[in-house]
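Work through these short exercises with the model in view. Try each task before reading its solution.

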Amino acid sequence: MNPPVIRPRRLRTTPAMRRLVAETRIHPAQLILPLFVREGITEPAPIGSMPGVVQHTFDSLKKAVQDAAAAGLGGVMLFGIPATRDAVGSAATQASGILNRATEVAVAEAGAALVVQTDLCLDEFTDHGHCGVLDAHGRVDNDATLERYREMAVAQAQAGSQLLGLSGMMDGQVAAVRDALDAAGFADTAILAYAAKYASAFYGPFREAVDSQLRGDRRTYQQDPANRIEGRREAALDEAEGADVLMVKPAMSYLDVLADVAAAARVPVWAYQVSGEYAMIEAAAANGWIDRDRAIRESVTGILRAGAGAVLTYWALQLASSGRAQS
């Protein structure tokens with residue numbers, strides 16, 4: 001007798017069958033929406049390289065947070081764009097600074113429906129655009145920067161942030177921030193460590209979004225795209241220092257790193273679908289080269305399939321609100 005023909009296609013015959021046996025699903029609670037808030041504007045300002053994304057006013061931020069909560073998103077991640085900058089990013093630690101004020105607004109709107117998260121990094125606030133303070137030779141001073149991060153952490157926690165996104169890639173940043181939070185009475189404020197963050201070309205549109213003043217590059221502190229083992233090492237260090245969640249950034253070009261970190265970590269692992277990933281799909285779709293909706297869904301599915309428990313994506317609201325979240 002001939003052996004039977006194995007027919008995996010039986011499980012692909014109809015949309016209902018494919019949905020039933022899908023191994024990876026996108027749920028709104030796994031999606032986090034990044035939001036930019038700019039000081040000194042009176043109406044939302046479109047970001048040219050990121051169609052559909054804006055710099056918010058406080059009023060439009062309230063509406064965005066309301067929409068995110070109604071759609072069942074897991075959270076929002078806030079980025080602040082100050083009107084003035086200086087060498088040490090003074091506005092980042094002022095209670096009246098744009099990010100801390102925006103956090104208060106978002107927390108008031110979100111209530112218990114969303115986790116309000118904040119970017120803890122100096123790059124938006126410095127006049128040189130680096131993620132830390134500079135020494136006399138113009139190099140990022142790791143340990144001096146940690147002192148600023150400690151101050152930022154307390155300021156953001158006081159404003160109501162529930163999860164601090166440490167994105168600066170300074171050595172020892174998780175331990176420093178955890179110590180500062182605990183000492184200030186914020187033991188319940190969680191830390192999201194951007195553990196494996198690479199010096200990527202895909203951050204370009206984000207720099208427009210935050211009006212970055214960067215001169216030079218960040219390759220002395222962000223990771224070399226050539227290195228996979230280093231990503232695992234950075235993630236392990238951050239977990240050992242007390243990170244509550246680990247992040248891999250960018251997502252699509254680093255799915256191997258994401259899978260590695262997810263396999264080894266004992267805490268949740270997330271990924272950030274960054275501005276360049278968003279802009280590429282939007283541009284290709286606008287030219288009619290790809291099916292936009294399918295590409296969005298496929299890209300986020302791939303990130304989750306690689307091991308991310310949640311994804312920061314500029315399409316979070318669209319995916320959840322349109323019903324495409326259950327793919």
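**Exercise 1. The overall fold**

How many helices and how many strands are there in the protein?

*Solution.* Keep in mind that this is a predicted model. Count the elements: the protein has 11 helices and 10 strands. Next, check the packing. The radius of gyration is 20 Å, close to the 20 Å that the globule rule gives for 327 residues, so the protein is as compact as a globular protein of that length. Then look at the extent. The C-alpha trace spans about 80 × 45 × 40 Å along its principal axes. Last, the burial: 51% of the 327 residues count as buried.

**Exercise 2. A charged patch**

Find Arg-10 and decide: is Arg-10 buried or exposed?

*Solution.* Start with the place. Arg-10 sits in the segment before helix H1 (15–20). Now apply the cut-off: exposed means over 50% relative accessible area. Arg-10 has 52% relative accessibility, so Arg-10 counts as exposed. Finally, look at the surroundings. Arg-7, Arg-9, Arg-10 and Arg-12 form a patch of positive charge on the surface.

**Exercise 3. A bridge from loop to helix**

Which parts of the chain does the pair Glu-39 and Arg-101 tie together?

*Solution.* First, the contact. The side chains of Glu-39 and Arg-101 form a salt bridge, at 3.9 Å from N to O. Now place each partner. Glu-39 is in the loop between strand E1 (31–38) and strand E2 (45–46), and Arg-101 is in helix H3 (residues 98–110), so the bridge ties together parts 62 residues apart in sequence. Then check the exposure. Glu-39 is partly exposed at 27% relative accessibility. Arg-101 is partly exposed at 30%.

**Exercise 4. Two bridges at helix H5**

Where do Asp-179 and Arg-150 lie, and where do Arg-178 and Asp-182 lie?

*Solution.* Take Asp-179 and Arg-150. Their side chains meet in a salt bridge of 2.8 Å, N to O. Asp-179 is in helix H5 (residues 173–183) and Arg-150 in helix H4 (residues 142–159), so the pair links distant parts of the chain, 29 residues apart. Now take Arg-178 and Asp-182. Their salt bridge is 3.1 Å, N to O. Both residues lie in helix H5, 4 residues apart, about one turn of the helix. Compare the accessibilities. Arg-178 counts as buried at 14%, whereas Asp-182 is partly exposed at 41%.

**Exercise 5. The full count**

How many salt bridges are there?

*Solution.* The total is 16 salt bridges. Some residues join a network: Arg-228, Arg-232, Asp-256 and Asp-260 are linked by salt bridges.

Key
Residues numbered from 1 in each chain as written. Predicted model: local features only at pLDDT ≥ 70, side-chain atom pairs only at ≥ 80, totals over all residues. Heavy atoms only, no water. Patch = residues over 30% accessible without salt bridge, like charges linked within 9 Å, V, L, I, M, F, W, Y side chains within 5 Å. Areas by Shrake-Rupley, 256 points an atom, 1.4 Å probe, with all protein chains shown as cover. Salt bridge = Lys/Arg side-chain N within 4 Å of Asp/Glu carboxyl O. Lys, Arg positive; Asp, Glu negative; His and termini not counted. Charge placed at Lys NZ, Arg CZ, Asp CG, Glu CD. Helix = DSSP H or I, 4+ residues; strand = E, 2+ residues; numbered from the N terminus. Buried < 20%, exposed > 50% of the residue type's maximum accessible area, 1.4 Å probe, protein only. Rg over C-alpha atoms; globule rule 2.2 N^0.38 Å.
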